[in-house]
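This report describes the architecture, surface and charged contacts of one protein. The sequence and structure are shown below.

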Amino acid sequence: MVDRGGTLLPSTINLSPSTTLWGMKLYTKTGDGGTTGLYGADRVSKANIRVEAYGTVDELNSAIGVTRAHGPSQEMDADLEYLQNALFDVGADLATRSGTTYEKKISRMDEQDTAFIEAMIDRYQEGAPPFTGFVHPGGTPVAASLHVARTVARRAEREVIRLLHEEDANAHVQVYLNRLSDLLFVMARAANQAAGVGEHAWLVKGRR
């Protein structure tokens, strides 16, 4: 079937199980031996610290996608979409070793990216209650999922720190992820505040 614009619609394209609309295989079998390719010619173990780092960033991106599926405000949804796109840049940064010819095809994270996140933190802080101490993660589905994303961001930061100890990588990524976890925290608090949902503070020794 062809639509009015002359575009071939997917329902009429015969695809084999191993292809997509663009003729690319969904599986390549090249990783069956436990290795994967960085952005470039290098192949490394799938357990390589660099792969762990950008894999965790991918997990973070997916966690933010879950938050968006819970229906945040229009403003927050737009900000989360921006963050998802930025995290693809973060992943590409981590997956590309410095000095390769592929570097010119990506956009490295820098101070400007961190400054933009800090401005977002200040904006959301205006809609959040004053911070007086640790609070239990939870509240609305949007806020609770943002707390989950926050913890994944912290783990991604730790992975990047380990990477920086072992290999040359962009240190701005670690700083960016640090600020991003702060942003996700304050976004969660702002989401609860907007919904009229109170927070439960950590009661030190409250288990006794």
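How many helices and strands make up the secondary structure of the protein?

## Overall architecture

The model is predicted. Its secondary structure consists of five helices and two strands. Read from the N terminus, the elements follow the order β-β-α-α-α-α-α.

The protein has 208 residues, of which 36% count as buried. Among contacts between residues at least 6 apart in sequence, 66% join residues at least 24 apart.

## Surface and nonpolar patch

The protein exposes about 12300 Å², and carbon and sulfur atoms supply 54% of that area. Phe134, Trp202 and Val204 make a nonpolar surface patch of about 380 Å².

Where in the chain is Phe134 placed? Phe134 belongs to the loop between helix H3 (111-125) and helix H4 (141-166). Phe134 has a relative accessibility of 60% and therefore counts as exposed, the cut-off for this class being over 50%.

## Salt bridges between separate parts of the chain

In total, 14 salt bridges are counted in the model. One of them joins the side chains of Arg155 and Glu59, with an N to O distance of 2.8 Å. Arg155 lies in helix H4 and Glu59 in helix H1 (residues 49-69), so this pair ties together parts that are 96 residues apart in sequence. Arg155 counts as partly exposed at 28% relative accessibility, and Glu59 is also partly exposed, with a relative accessible area of 36%.

Another salt bridge is formed by the side chains of Arg68 and Asp77, again with an N to O distance of 2.8 Å. Arg68 counts as partly exposed at 24% relative accessibility. Asp77 falls in the partly exposed class as well, at 22%. Further charged residues are joined in a network of salt bridges that links Asp42, Arg50, Arg97 and Glu167.

## A salt bridge within helix H4

Which residue forms a salt bridge with Glu157? The partner is Arg154, and the two side chains meet at 3.5 Å, N to O. Both residues lie in helix H4, three residues apart, which is about one turn of the helix.

Is Glu157 buried or exposed? Glu157 has a relative accessibility of 8% and therefore counts as buried, since that class covers values under 20%. Arg154, by contrast, counts as partly exposed at 30% relative accessibility.

## Contacts between helices H4 and H5

Glu157 also appears among the contacts of Gln174, a residue found in helix H5 (residues 171-195). Leaving aside residues up to four places away in sequence, Gln174 touches Glu157, Val160, Ile161 and Leu164. The span of helix H4 is 141-166.

The C-alpha atom of Gln174 is separated by 8.1 Å from that of Arg158, and the two residues are 16 residues apart along the chain.

## Summary

The predicted model comprises five helices and two strands. Its salt bridges include the pair Arg155 and Glu59, which ties helix H4 to helix H1, and the pair Glu157 and Arg154, which lies within helix H4. Glu157 thus takes part in a salt bridge with Arg154 and is also touched by Gln174. On the surface, Phe134, Trp202 and Val204 make up the nonpolar patch.

Note on methods
Residues are numbered from 1 along each chain as its sequence is written. This is a predicted model: local features need pLDDT of at least 70, side-chain atom pairs count only at pLDDT 80 or more; totals for chains, interfaces and linings use all residues. Side-chain values use heavy atoms; hydrogens and water are left out. Patches are made of residues with over 30% relative accessible area and no salt bridge: like charges are joined within 9 Å, nonpolar side chains (Val, Leu, Ile, Met, Phe, Trp, Tyr) within 5 Å. Accessible areas come from the Shrake-Rupley method with a 1.4 Å probe; for residues, only the protein chains shown count as cover. A salt bridge is a side-chain nitrogen of Lys or Arg within 4 Å of a carboxyl oxygen of Asp or Glu. Helices (H or I, at least four residues) and strands (E, at least two) are DSSP runs, numbered from the N terminus. Buried means under 20% relative accessible area, exposed over 50%, partly exposed in between (1.4 Å probe, protein chains only). Contact means heavy atoms within 4.5 Å.
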